[in-house]
Amino acid sequence: MASKWFETVAVAQRRAEKRLPKSVYGALIAGSEKGLSSRDNLESFDQLGFAPHIAGLSSERQMATTIMGQSVSMPVIISPTGVQAVYPEGEVAVGRAAANRGVAMGLSSFASRSIEDVCAVNNQVFFQMYWSGDRDTMVQRLERAKAAGAKGIILTLDWSFSNGRDWGSPWIPEKINFTNAVKLAPEAIARPRWLWSFAKTGHLPDLTTPNMAPVGTKPPTFFGAYYEWMQSVLPSWPDVAWLRAQWDGSFMVKGVSRIDDAKRVVDLGATTLSVSNHGGNNLDGTPAPIRSLPAIVDAVGDQIEVVLDGGVRRGSDVVKALALGARAVMIGRAYLWGLAANGQAGVENVLDVLRGGIDSTLLGLGKSSISELSRDDVVAPADFFRKLGP
Ligand SMILES: Cc1cc2nc3c(=O)[nH]c(=O)nc-3n(C[C@H](O)[C@H](O)[C@H](O)COP(=O)(O)O)c2cc1C
């Protein structure tokens, strides 16, 4: 049998495509509208180059760091994503992989596994929330996350409920019942290994969201939870400040593109912000975060931890983001491809690929530590960067 080990994230993606039913793979590709932002997230990293050294290189390369109060083995965080029911153990498999590799993990409020189950296998979990439901409901979710052992909160604010894609959106059933299983059958039968992975567990994919309901009550379906979110009154900046004040500890605001928004996030007392366009799944045309990162770091980098997510597929991408001022990056699709390709081991594989890539890039740049990286290590085309907002 061919080795299940893959040498790059691109190989993992090809395996995921082969293994998953078409609509499930499409749900991971995601993107929105014309796909401008999701494409720019990848192409922008390709436009950046390096200025390497060839001798006097360092035999030791240090990449451990801290983020949101957690000591981690490398500057990579599992970004929260809501579709991990593509693999039987879902977020629990990802949580184990991250713990085995000393990496912190964001858990989506749209996750298929509970915060209690995931904190039981990983003690560096950040619970991700949207502005959904009323204030009492949100406070209950924070209290539940605290009781489960979450080490921080990620509040994701960039979402504009766009729902069209030029390449067609995948069909996601409300739940997997007999009728929907029959509808999915032609696609699923063409993917026997994927079907077998669920058949072995005796369970069908779970499309409910256990973190969106009080413990012990029936979890809403994905669409039920999405409906609650769509109906919620949109938050003002004082609302966001109120939510931040309800959590004592590390608090990230995810989805920042503009300098003025970054300053507001600092003012409301967040510890961390993520420069992010939601992986290109939100307002299409939002520039890749790597383009906006340096201007945001210049404006607020001495007052808050700045991380980046969007388009990271290689260790060298991580190093580019760090050289341009990020403290760490978060990854989304990269580990989802690993999960789909080979479960927990596939996520570990992706983290190992990134670690190896960070190490060899540091070697080539003549660095003994990520703390030595600077903008001089990266070459960018003249019109590469974006400065959004005052
Ligand atoms: C399929 C999918 C589901 C996602 N679900 C969530 C989510 O529930 N909450 C959230 O904050 N971000 C979510 N994201 C965005 C990721 O956290 C992250 O911002 C993005 O994937 C980074 O881009 P990358 O996939 O190129 O690494 C999702 C992304 C994808 C691809």
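A polar contact is a pair of N or O atoms within 3.5 Å. The structure in these close-up views is a predicted model.

**View 1. Polar contacts of the ligand.** A polar backbone atom of Gly 82 lies 3.1 Å from a nitrogen atom of the ligand. Two side chains also approach with polar atoms: that of Ser 108 is 2.7 Å from a ligand oxygen atom, and that of Gln 128 is 3.2 Å from a ligand nitrogen atom. Of the 600 Å² that the ligand exposes when taken alone, the protein buries 95%.

**View 2. The shell around the ligand.** The ligand is surrounded by 23 residues, of which Pro 80, Ser 108, Tyr 130, Thr 156 and Asp 309 come nearest. Sorted by class, this shell holds 13 polar, 6 nonpolar and 4 charged residues. The space that the ligand takes is the largest pocket. Ser 108, one of the nearest residues, also has the polar side-chain atom placed 2.7 Å from a ligand oxygen atom.

**View 3. Helix 13 and the residue Gly 325.** Helix 13 covers residues 315–323, and 9 of its 9 residues are buried, so the helix is largely enclosed by the rest of the structure. The buried residues include the charged side chains of Asp 317 and Lys 320, together with Val 318, Val 319 and Leu 322. Gly 315, Ser 316, Ala 321 and Ala 323 are likewise buried. Helix 13 is followed by Gly 325, which has a positive phi near 115 degrees.

**View 4. Ser 250 and Met 68.** Ser 250 belongs to strand 8, which spans residues 250–256. The side chain of Ser 250 reaches the backbone oxygen of Met 68 at 3.0 Å. Met 68 lies in the loop between strand 2 (65–67) and strand 3 (70–72). Although Met 68 is not a glycine, its phi is positive, at about 50 degrees. Both partners of this contact are buried: Ser 250 has a relative accessibility of 14%, and Met 68 has a relative accessible area of 1%.

**View 5. Glu 33 in a loop between two helices.** Glu 33 is found in the loop that runs between helix 2 (22–29) and helix 3 (36–47). The phi of Glu 33 is positive, at about 50 degrees, although this residue is not a glycine. With a relative accessible area of 37%, Glu 33 is partly exposed, because that category lies between the cut-offs of under 20% for buried and over 50% for exposed.

Methods
Residues numbered from 1 in each chain as written. Predicted model: local features only at pLDDT ≥ 70, side-chain atom pairs only at ≥ 80, totals over all residues. Heavy atoms only, no water. Near = heavy atom within 4 Å. Polar contact = N/O pair within 3.5 Å; in protein donor to acceptor, adjacent residues only side chain to side chain. Areas by Shrake-Rupley, 256 points an atom, 1.4 Å probe, with all protein chains shown as cover. 1 Å grid on protein atoms, 1.4 Å probe; cavity = no way out; pocket = protein on both sides within 12 Å on 5 of 7 lines; lining within 4 Å. Sits in = over half its atoms within 2 Å of the grid points. Buried < 20%, exposed > 50% of the residue type's maximum accessible area, 1.4 Å probe, protein only. Helix = DSSP H or I, 4+ residues; strand = E, 2+ residues; numbered from the N terminus.
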